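Trainee: Before we go through this model together, may I put my questions to you one at a time, with the reasoning spelled out in each reply?

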Amino acid sequence: MASQQQVSAIKGAKVLMVGAGGIGCELLKTLALSGFQDIHIIDMDTIEVSNLNRQFLFRQSHVGLSKAKVARDAVLKFRPHMSITPHHANVKDSDFDVEFFKQFNVVLNGLDNLDARRHVNRLCLAADVPLVESGTTGFLGQVTVHVKGKTECYECKPKPAPKTYPVCTITSTPSKFIHCIVWAKDLLFAKLFGDKNQENDLNVRSSDAASSSEHANDVFERREDEDIDQYGRRIYDHVFGYNIEVALSNEETWKTRNRPKPFYSKDVLPDKLTQLNGNLDKSGATDDFSSVSAMASLGLKNPQDKWSLMECSRVFLEALKLFFLKRVKEIGNLSFDKDDQLAVEFVTAAANIRAASFCIPLHSLFEAKGIAGNIVHAVATTNAIVAGLIVIEAIKVLQKDADNYRMTYCLQHITQKMLLMPVEPYEPDKSCYVCSETPLLLEINTHRSKLRDFVEKVVKAKLGMNFPLIMHGANLLYEVGDDLDEAMVANYAANLEKVLSELPSPITGGTMLSVEDLKQELICNINIKHREEFDDEKEPDGMVLTGWTQAPPVEEEKANGNGASSSNALQVEPVETKKDAELEEIPESSRRKRKLPEDSEGTDVDVSNDVNETKNHKEVEKLDDDDDEDLVMFDDWASASNKKKRLQ
């Protein structure tokens, strides 16, 4: 039973809820049933069919409508006297500035991406409004409390960057199925169906004799006199046959690796393809592109079946044919979407053929879709538990009961007889550049790098500033805003293309830059250190930022050091497709170890029932799962309790 003080705090509170997805639906329901009267909801998403299995406020008839608005309407049916204000918008829009945040007593996050979380964290700090963060991934979840000056902010702990893979691994020496997926999705699919002008690291020259000519045509261009079957086989032979033979010609590469096997369509398939209990006309007889399916054409029904090499080859050619026959208007503008059945079929087939060539185990369409779409299947019960924990912490915050704030972690396996593990919050990190304003150090070649490199790779990609203002002393070098006149815009655009040392106010070794985001009310000071050379493999950005930290990448994948994509690495994005969990590679699990998603990286975390078996008691890094938040797990509860800084 709630005390009178709690009831008063609840009824008088004005709450901002960011996100109306898996956690958001449960949270809004729990807030309403707990007696909260005034709630604002921000969510830019619309309802998709894939949401309906867990986002219980939505129905089939709501598909395509605003999540925030439908959630409001659903709750008002059983709590008609509440005030619920929906905002179908991006929380990063200019309308939601510091002044907007100041009107609320507490902010509750149910977001699905790192960038938006950082943005909300900074606005809450600037507005001095408490933030309750949350996240789930499968059976795991957590709720954390962030109060300015009392607990760590969301960015005090490092967040892992998206995993990246060297292009040479993807194009020449794949060793895991995820490498084949990245190749099929980000290179082959993009080359065939995406923007033709976009840079692509695929070998695009034809194996024909004419390819030695200076004006050899792009092998992926369909010739005027070529029917679709001939075109499909030519693409097949080029990427799975000729390109593999080219790779084999480098003997040095294969001295310590298994040699791949080239595949040509004539060796895998008969001259004329025949349909297997399917109907091509039926699969494409509608304008609804979602119904166009190579599996339907070929009579393949179970997405959990692993196809043979011949079946993969049939699906590859059939899917390519359907794109050109039924969806030709989209070609040139397509990007991979996990909800696009034909795209998933094509990528699955292509990845499996490549995997077979490199002696990598094949995967079913169901498995491949999970990897390509960064999906960890959500558990509605976890969302409900986390929503309840959010409300418990929100009530403590409203009562200013700082001594009882807890970060609570949902575990999959019982540890110390607990499935819910409460931890006292950490104090603010004095070295955090967000809440403590500690200067950063940037090593960069000031004679070679342009201001644009600094803005894109540091200010936006690493510091997460959306509307930056860059100053050197009293000199303004760059600014973003809607109120700039044409002369200023032209001047800043010109500065972007200048080398740092040649700017109107030159940036050299020893320079101190001030970088500010006016909307986030965040200022960072960056000390510049000139450095001539960088390791292309370990430091592909050509610059190193110190003081800005993130969790270390997975060693085996040789992830890009700062998590930014570059010409030397392919990034597996934390795509915002599955709102309760995302994972780039479904890990192998064991009874005692579980590999957690990382933003989308994972770290092996010991979750054994008997924590005393762990001799080396250490705290595991805080992870950012791009669905509904970060997960912190401890090998040993007692050890973690002893080592952490507690609130005073």
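Trainee: Which residues of helix 5 are buried?

Mentor: Keep in mind that this is a predicted model. Helix 5 covers residues 114-127 and is mostly covered, with 12 of its 14 residues buried. Taking buried to mean under 20% relative accessible area, the residues that qualify in helix 5 are L114, A116, R117, R118, H119, V120, N121, R122, L123, C124, L125 and A127.

Trainee: How far apart are the end C-alpha atoms of helix 5, and what span should its 14 residues have?

Mentor: At 1.5 Å a residue, the 14 residues of helix 5 should span 20 Å, and this agrees with the separation of its end C-alpha atoms. At the N-terminal end, N113 acts as a cap, with a side-chain oxygen 3.3 Å from the backbone nitrogen of D115, while the residue that follows the helix, D128, has a positive phi near 60 degrees. Both the expected span and the end-to-end distance of helix 5 are therefore 20 Å.

Trainee: Which helix supplies the largest share of the largest nonpolar core?

Mentor: That core has 63 residues, and those with the most contacts inside it are F193, F316 and F346. Several helices each supply at least two of its residues, among them helix 8 (228-248), helix 12 (309-326) and helix 13 (341-357). The largest share, 12 residues, comes from helix 7.

Trainee: Leaving aside neighbours within four places in sequence, which residues is F316 in contact with?

Mentor: F316 is one of the residues with the most contacts inside the largest nonpolar core, and it helps to recall that nonpolar side chains tend to be buried together in soluble globular proteins. With its neighbours within four places in sequence set aside, the contacts of F316 are L188, G232, I235, Y236, F240, F346, A349, A350 and I353.

Trainee: Which strands stand at the edges of the open sheet with the order 12-11-13-14-10-15?

Mentor: This sheet is formed by 6 strands with mixed pairing. A strand at the edge has a single partner strand, so one side of it is left without a neighbour in the sheet. The strands in that position are strand 12 (475-479) and strand 15 (543-546).

Trainee: Which residue stands opposite I470 in strand 12?

Mentor: Strand 11 (residues 468-472) has 4 of its 5 residues buried, so it is largely enclosed by the rest of the structure. It is joined to strand 12 by 4 bridges, and the two run antiparallel, forming a hairpin with 2 residues between them. Across that pairing, the residue opposite I470 is Y478.

Conventions. Residues numbered from 1 in each chain as written. Predicted model: local features only at pLDDT ≥ 70, side-chain atom pairs only at ≥ 80, totals over all residues. Heavy atoms only, no water. Pairing = 2+ DSSP bridges. Expected span 1.5 Å × (residues − 1). Buried < 20%, exposed > 50% of the residue type's maximum accessible area, 1.4 Å probe, protein only. Polar contact = N/O pair within 3.5 Å; in protein donor to acceptor, adjacent residues only side chain to side chain. Core = buried A, V, L, I, M, F, W, Y, C linked by side-chain atoms within 4.5 Å. Contact = heavy atoms within 4.5 Å.
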